[in-house]
Amino acid sequence: MELRHLRYVISAAEKGSFRRAAKALQVSESAVSRCVRDLEDEIGVALFIRYNGGVRLTHAGQRFVERTQRALSQIGHATRDAGQFGRGEAGAVRIGIFSSLASGFIWELLNAYLSANPTVRPEIVEGGPSSHIAAVQRHHLDIAFLTGRPKADECEMAHLWNERVLVALPSRHELALKREIDWADLCERRFIVSEGDPGPEIYDYIIKHLADLGRHPLVERYGVGRDNLMTLVAMGQGLTLVSEAARGARFLGVVYRPLRGAVLPFCAIWSPSNDNPALRRLVSLAKKMSRLALLCLVTIYFPPIEGV
């Protein structure tokens, strides 16, 4: 039994004639008649009653056509779905993140990607660099967005954007009056970080930079998530550091001030052996948006000279 046999039967049933079915299918009438007869011989039942004006379905033929139409519809859906998945227009993309999704480059990237690919489902996983890299290598994640240039064997990497480092502090704090904060302003301050990611990396970042100034800062760890940590900041329990994207998340009683000269580079890592088409579309869009963002920065800082 071939698909063309089924299509011939359905067309003959709809047209009420082998001749009209053959014309619609752009094949010979004898081809339709022969295929229908072969199919009837194979299943052992007559599907049509033939008469001079054409054909009509038998009771068995009516049942056969009803189920066949549903089957061909499912095959059509399967073909379209496979095509969409193969082109990266459907499916899922598993994304590891290390910073906030509240604003910034990654927010703009995912918003543009999901707008262009509404049938792709994003699966967002928060975590640290080591766990994300291992997950990408094992294809448990399709892509991860991390800070710096982490070592990731057998992975491809692309630097995409930079973010300033911000100090999160209570709105009533004396440093909130400053437009920018220097490391020297933070020497005698108390910091708080979360025990989970990205707390450990923030802890190391604070220790390193204040140690360079000959200071040993007080940094306390709390077993809370990002939202509750910001609530503790608002209550005056300590300061913390966040990337610029976190500014998009507003917390009552918390303000953000840039830390002078502190910039974090962000990159994407993915496995070249990962054949998820949705991943390839995301990587392509990320690189394109990164180039456009860089071009905009160059235009802002180095505007074209008039007449050149």
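Helix α8 sits under cover from several strands: β6 (156-170), β7, β8 (218-222), β9 (240-243) and β10 (254-270) are among the elements that contact its buried residues. This is a predicted model, so everything described here is read from a prediction. The helix spans residues 226-234, and its buried residues are L229, M230, L232, V233 and A234. If you follow the chain onward from α8, you come to G236, which has a positive phi near 85°.

**Another buried spot: H5 in helix α1**

Is H5 buried or exposed? H5 is buried, because its relative accessible area is 10%, which falls under the 20% cut-off for burial. H5 belongs to helix α1, made up of residues 3-15. Leaving aside residues up to four places away in sequence, H5 touches C35 and L39.

**Salt bridges**

Now to the charged side chains. In general, side chains of opposite charge can pair when their charged atoms come close. How many salt bridges does a search of the whole structure find? The search finds 10. Three of the pairs are set out here, with the distance from N to O.

| Pair | Distance, N to O | Relative accessible area |
|---|---|---|
| E40 and R50 | 2.9 Å | E40 8%; R50 39% |
| R189 and E174 | 2.8 Å | R189 23%; E174 54% |
| E220 and R190 | 2.5 Å | E220 28%; R190 27% |

Let us take these pairs one by one. E40 forms a salt bridge with R50, and their closest N and O atoms are 2.9 Å apart. Because E40 lies in helix α3 and R50 in strand β1 (residues 48-51), the pair ties together parts that are 10 residues apart in sequence. The two partners have their own surroundings: E40 is buried at 8% relative accessible area, while R50 is partly exposed at 39%.

R189 and E174 meet through their side chains in a salt bridge of 2.8 Å from N to O. Both R189 and E174 are in the loop between β6 and β7, 15 residues apart, and the pair links distant parts of the chain. R189 is partly exposed with a relative accessible area of 23%, and E174 is exposed with 54%.

The side chains of E220 and R190 also form a salt bridge, with 2.5 Å from N to O. Here the link runs between strands, with E220 in β8 and R190 in β7, 30 residues apart. Both partners are partly exposed: E220 has a relative accessible area of 28%, and R190 has 27%. Elsewhere, E180, D182 and R260 are joined into one network by salt bridges that share partners.

**A positive patch on the surface**

Which residues form the positive surface patch? The patch consists of K15, R19, R20 and K23. Helix α2 (residues 18-25) supplies its largest share, namely three residues. One residue of this helix is R20. R20 counts as partly exposed because its relative accessibility is 36%.

**Backbone details worth a look**

Most residues other than glycine have a negative phi, and most peptide bonds are trans. With that in mind, some places in the backbone deserve your attention.

Where does Q26 lie? Q26 is in the loop between α2 and α3 (29-43). Although Q26 is not a glycine, its phi is positive, at about 60°. Q26 counts as exposed because its relative accessibility is 73%.

H139 is another residue other than glycine with a positive phi, in this case near 65°. You can find H139 in the loop between α6 (129-137) and β5 (143-147). With a relative accessibility of 28%, H139 counts as partly exposed.

Finally, look at the peptide bond from D197 to P198: this bond is cis, with omega near 5°. P198 lies in the loop between β7 (190-194) and α7 (199-211). Strand β7 has thus come up in several places, including the cover over the buried residues of α8 and the salt bridge partner R190, which lies in this strand.

How values were computed
Residues numbered from 1 in each chain as written. Predicted model: local features only at pLDDT ≥ 70, side-chain atom pairs only at ≥ 80, totals over all residues. Heavy atoms only, no water. Patch = residues over 30% accessible without salt bridge, like charges linked within 9 Å, V, L, I, M, F, W, Y side chains within 5 Å. Areas by Shrake-Rupley, 256 points an atom, 1.4 Å probe, with all protein chains shown as cover. Salt bridge = Lys/Arg side-chain N within 4 Å of Asp/Glu carboxyl O. Lys, Arg positive; Asp, Glu negative; His and termini not counted. Charge placed at Lys NZ, Arg CZ, Asp CG, Glu CD. Helix = DSSP H or I, 4+ residues; strand = E, 2+ residues; numbered from the N terminus. Buried < 20%, exposed > 50% of the residue type's maximum accessible area, 1.4 Å probe, protein only. Contact = heavy atoms within 4.5 Å.
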